[in-house]
Amino acid sequence: MNEADSEDIAAAFRRRGYSLTDDLKKADAVVVNTCTVRQRAEDKAISQIGRLRVWKEKKPEGKIFVVGCAAQKLGEKNIKGRFGFVDEVVGAKSIERFEDSLIAQLGPTPESETAHQNLFRSPRTAYVTIMRGCSLGCSYCIVPAVRGPAVFLSPEAVLADAADKLAAGAQEIVLLGQTVNSYKHGRTTFSELLKKALALPGLERLRFMSPHPLYFDKAFLELLAAEPRLARYIHLPVQSGSDRILKLMRRGYTRGQYLELIGRLRASAPGLAVSTDFIVGYPGETEKDFEDTLTLVREGRFSLAYCFKYSPRTDKPEMATDIGEAEMEARLEKLLAAVKENSRLVLDERIGKIVEVLFETENYGRSSENFAVRVKAGGTPGKTASVQITGAAKNTLNGKLL
Ligand code: 5AD
Ligand code: SF4
């Protein structure tokens with residue numbers, strides 16, 4: 001989400017004739033796009049802003065924009081109070097109006113072509129935001145407070161954005177939202193939106209991020225079975241393997257329901273890769289709860305899992321960390337080791353299989369399951385081709401073109 005916002009912000013600058021630079025000395029403006037999902041992200045943002053003090057002293061005409069979730073959480077007054085040299089603060093809730101802040105600082109917008117540019121992904125892939133905010137209330141999560149309740153973009157706006165990005169050279173679209181599969185606009189459901197996107201010319205592959213287990217329905221399972229251009233990869237955050245903790249987190253499903261769901265997804269799309277997110281050390285997490293998370297790694301056959309230490313996002317005493325830093329670190333290490341070992345098994349299982357690879361260069365691409373795949377030569381950049389997997393190296397599959 002933040003990467004997509006950063007790209008939109010960069011595009012707004014490009015429309016005014018600016019270009020990106022890695023060299024702070026050359027920059028006329030600096031945008032700090034902040035995150036606050038965990039305290040560490042917020043702390044990083046703050047120190048990043050602090051470091052700009054010297055830059056502004058040397059270049060008083062330079063503009064500093066602080067945007068995003070930490071900007072929303074801390075507020076303009078607080079940020080400008082601490083860092084008087086910041087020119088504009090644009091919170092996550094008003095990020096679509098970033099252009100107004102640009103106009104306020106730099107004058108009216110000149111007429112020019114849209115100038116979207118991928119900053120984080122290969123030029124083959126483009127992000128398309130389909131919703132903002134989140135209307136769920138997971139107990140540990142700050143997103144609904146800083147981004148507000150779910151708001152869905154119209155199908156027309158989504159499709160126009162996707163069509164522009166395809167016309168500009170992308171072959172793969174990633175639809176984005178906090179609970180992306182809860183999409184509903186008028187009569188258009190998530191599956192209907194996917195179908196419309198799949199009809200766009202030039203689209204080779206469609207992904208989405210991040211779905212929530214509560215919102216996969218029969219229509220989606222049928223579409224997944226019928227449409228091979230829908231990626232054989234789903235990132236589906238589970239957070240914990242313990243029913244007791246899942247309930248405290250207010251996730252709305254049990255371990256059994258989650259496993260049953262990924263079973264159904266895999267039945268619809270054989271070979272489907274599933275990755276996930278885990279939080280360790282949620283308040284009250286016992287050794288037994290943690291063991292349940294460890295065993296879920298193997299049982300879920302996740303190709304990959306992002307593991308986070310619980311980070312309190314409120315001052316409520318019952319939401320404070322209670323296992324201590326050493327135990328938190330120990331659990332994280334154990335979980336990471338289990339994930340690594342399991343990923344190895346999942347990669348090895350793929351040997352001998354045939355996968356569809358969207359090539360980025362003539363010898364490198366990504367499979368529909370989101371594995372990095374290397375072949376000796378012969379791939380056509382921007383096109384998909386079938387590859388038989390011959391071996392698994394570190395996080396990468398090797399194969400031969402069929
Ligand atoms: N502490 C730790 N991890 C968190 N996440 C969200 N909120 C917190 C928190 N307070 C993780 C979840 C989510 C991912 C984006 O960040 O695992 O899926
Ligand atoms: Fe946060 Fe995701 Fe839960 Fe929404 S669904 S509250 S964004 S963890």
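These legends accompany several close-up views of a predicted model.

**View 1. The shell around ligand 1.** Let us start with the residues that surround ligand 1: Val37, Arg38, Tyr140, Pro237, Gln239, Asp277, Ile279, Phe308, Lys309, Tyr310, Ser311 and Arg313. Sorted by class, this shell holds six nonpolar, two polar and four charged residues. Two strands, E12 (273-280) and E13 (304-309), each contribute at least two residues to the shell around ligand 1.

**View 2. Polar contacts of ligand 1.** Here we turn to individual atom pairs. A polar side-chain atom of aspartate 277 sits 2.6 Å from an oxygen atom of ligand 1. Arginine 38 also places a polar side-chain atom 2.9 Å from an oxygen atom of ligand 1. From tyrosine 140 it is a backbone N or O atom that lies 2.9 Å from a nitrogen atom of ligand 1. Ligand 1 on its own would expose 400 Å², and the protein buries 85% of that area.

**View 3. The surroundings of ligand 2.** Around ligand 2 you will find Cys134, Leu136, Cys138, Tyr140, Cys141, Val143, Pro144, Gln178, Thr179, His212 and Arg251. Tyr140 is worth a second look, as it appears in the shell of ligand 1 and also in that of ligand 2. The shell around ligand 2 comprises seven nonpolar, three polar and one charged residues.

**View 4. The buried face of helix H5.** Helix H5 spans residues 98-106, and its residues Phe98, Ser101, Leu102 and Gln105 are buried. Viewed down the axis of H5, these buried residues fall within an arc of 105°, so they line one face of the helix. An α-helix has 3.6 residues a turn, so residues three or four places apart point the same way. The cover over the buried residues of H5 includes helix H1 (2-15) and the strands E1 (29-34), E2 (63-68) and E3 (88-91). After H5 comes glycine 107, with a positive phi near 90°.

**View 5. Two sides of helix H9.** In helix H9 (residues 218-226), the buried residues are Phe220, Leu221, Leu223 and Leu224. Down the axis of H9 they fall within an arc of 165°, so they too line one face of their helix. Lys218 and Ala226, on the other side of H9, are exposed. Among the elements that cover the buried residues of H9 are helix H8 (190-198), strand E10 (205-209), strand E11 (233-235) and helix H11 (255-268).

**View 6. Tyrosine 183 in its loop.** Tyrosine 183 belongs to the loop between strands E7 (172-176) and E8 (184-185). With a relative accessible area of 2%, tyrosine 183 is buried. Setting aside neighbours within four places in sequence, its contacts are Ile130, Phe152, Leu153, Ser154, Pro155, Thr188, Thr189, Phe190 and Leu193. Leucine 153 has its backbone oxygen 2.6 Å from a polar side-chain atom of tyrosine 183.

**View 7. Threonine 129 in strand E4.** Strand E4 (residues 125-129) contains threonine 129. Threonine 129 has a relative accessibility of 8% and is therefore counted as buried. Leaving out residues up to four places away in sequence, threonine 129 touches Ala4, Leu153, Val158, Asp161 and Leu176. Leu153 thus links this view to the previous one, being in contact with threonine 129 and with tyrosine 183.

**View 8. The loop between E15 and E16.** Serine 368 is located in the loop between strand E15 (364-367) and strand E16 (372-374). Serine 368 is buried, at 4% relative accessible area. Beyond its neighbours within four places in sequence, serine 368 is in contact with Arg205, Arg207, Leu230, Ala231, Arg232, Tyr233 and Glu356. Asparagine 370 sits in the loop between E15 and E16 too, but with 23% relative accessibility it counts as partly exposed. Although asparagine 370 is not a glycine, its phi is positive, about 75°.

**View 9. Backbone details to look out for.** Most residues other than glycine have a negative phi, and most peptide bonds are trans. The peptide bond from methionine 209 to serine 210 is cis, with omega near -15°. Serine 210 is placed in the loop between E10 and H9. Arginine 250, a residue other than glycine, has a positive phi near 60°. Its place is the loop between helix H10 (243-248) and H11, and at 57% relative accessibility arginine 250 counts as exposed.

Technical notes: Residues are numbered from 1 along each chain as its sequence is written. Chains are lettered from A and ligands numbered from 1 in the order in which they are written. This is a predicted model: local features need pLDDT of at least 70, side-chain atom pairs count only at pLDDT 80 or more; totals for chains, interfaces and linings use all residues. Side-chain values use heavy atoms; hydrogens and water are left out. A residue is near a molecule or strand if one of its heavy atoms lies within 4 Å of it. A polar contact is a pair of N or O atoms within 3.5 Å; within protein, one must be able to donate a hydrogen and the other to accept it, and residues adjacent in sequence count only if both atoms are side-chain atoms. Accessible areas come from the Shrake-Rupley method with a 1.4 Å probe; for residues, only the protein chains shown count as cover. Helices (H or I, at least four residues) and strands (E, at least two) are DSSP runs, numbered from the N terminus. Ala, Val, Leu, Ile, Met, Phe, Trp, Tyr, Cys and Pro count as nonpolar, Asp, Glu, Lys and Arg as charged, and the others, Gly among them, as polar. Buried means under 20% relative accessible area, exposed over 50%, partly exposed in between (1.4 Å probe, protein chains only). The arc is that of the directions from the helix axis to the C-beta atoms. Contact means heavy atoms within 4.5 Å.
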